[in-house]
Amino acid sequence: MDTPPPVKFAWLAMGSQGRSEQLLQTDQDNALVFENVPDEQLTETRIYFLELAKLVTKGLFKIGYEYCPAEMMASNPDWCLSLAEWKDRTFHWITNLARMKYCYPPYSLITT
């Protein structure tokens, strides 16, 4: 990148890397969170970080980390979000448990 990041950001390791469970053959599972910006700067800021993420994920691929087949990578706009967007996304995941699969009763434990 020719310019420094427009705002603070963090690269998130997810999946097996995030759990410190990587073995010899693994793929990329990552995300990016960047500092909140005014609405009029959001698109431009996201474009910057998507470009940065494309460079990083391409570099990781070159050294042997396969691309995630489900595209759970920071180069995907769904995984490159502002802090506010990440808070909204995780709140939605937590409060919409009906879409989650549970494996052991009692179901009431996850609905309270």
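This is a short tour of a predicted model, going from the sheet to the helices and then to the cores.

**Stop 1: the sheet.** Select β1, β2 and β3. These three strands form an open sheet in the order β1-β2-β3, with mixed pairing. On the edges sit β1 (9-13) and β3 (80-82), each pairing on one side only. Going from one strand to the next, the twist averages 20°. Now look at β1 and β2: they run antiparallel and are joined by five bridges. For one residue pair to pick out there, try Trp-11, whose bridge partner in β2 is Leu-32.

**Stop 2: the helices on the sheet.** Bring up α2 next. This helix packs on the sheet and touches β1, β2 and β3, and its direction makes about 150° with that of β2. Then add helix α3 (residues 83-95), which also packs on the sheet. Helix α3 touches β2 and β3, and its direction makes about 105° with that of β3.

**Stop 3: two residues on α2.** Click on Tyr-48, which lies in helix α2 (residues 39-62). Is Tyr-48 buried or exposed? Its relative accessible area is 11%, and the cut-off for buried is under 20%, so Tyr-48 counts as buried. Set aside the neighbours within four places in sequence, and what is Tyr-48 in contact with? You should find Met-1, Thr-3, Pro-4, Pro-5 and Pro-6. Thr-3 is 45 residues away along the chain, yet the two C-alpha atoms are separated by 9.3 Å.

Stay on helix α2 and move to Thr-57. Thr-57 is buried too, at 2% relative accessibility. Not counting residues up to four places away in sequence, Thr-57 touches Trp-11, Gln-28, Asn-30, Tyr-67, Met-73 and Ser-75.

**Stop 4: the nonpolar cores.** Select Val-7, Leu-32, Phe-34, Val-37, Leu-42, Tyr-48, Phe-49, Leu-50, Leu-52, Ala-53, Ala-74 and Cys-80: these 12 residues are the largest nonpolar core. Both β2 (30-34) and α2 supply at least two residues of this core. Which element gives the largest share? That is α2, with six residues.

Zoom in on Ala-74, a member of this core. Beyond its neighbours within four places in sequence, Ala-74 is in contact with Trp-11, Asn-30, Ala-31, Leu-32, Leu-50, Ala-53, Trp-79 and Cys-80. Another core, of five residues, lies apart from the largest one; Val-33, Trp-79, Leu-81 and Trp-86 are among its members.

**Last stop: cysteines.** Pick Cys-68, buried at 7% relative accessibility, and Cys-80, buried at 0%. How many disulfides are there? The count comes to zero.

Note on methods. Residues are numbered from 1 along each chain as its sequence is written. This is a predicted model: local features need pLDDT of at least 70, side-chain atom pairs count only at pLDDT 80 or more; totals for chains, interfaces and linings use all residues. Side-chain values use heavy atoms; hydrogens and water are left out. Helices (H or I, at least four residues) and strands (E, at least two) are DSSP runs, numbered from the N terminus. Buried means under 20% relative accessible area, exposed over 50%, partly exposed in between (1.4 Å probe, protein chains only). Contact means heavy atoms within 4.5 Å. A nonpolar core is a set of buried Ala, Val, Leu, Ile, Met, Phe, Trp, Tyr and Cys residues joined through side-chain atoms within 4.5 Å. A disulfide is a pair of cysteine sulfur atoms within 2.5 Å. Two strands pair if DSSP finds at least two bridges between them. Axes are lines fitted to C-alpha atoms, for helices over the stretch in contact, and angles run from 0 to 180 degrees between N-to-C directions.
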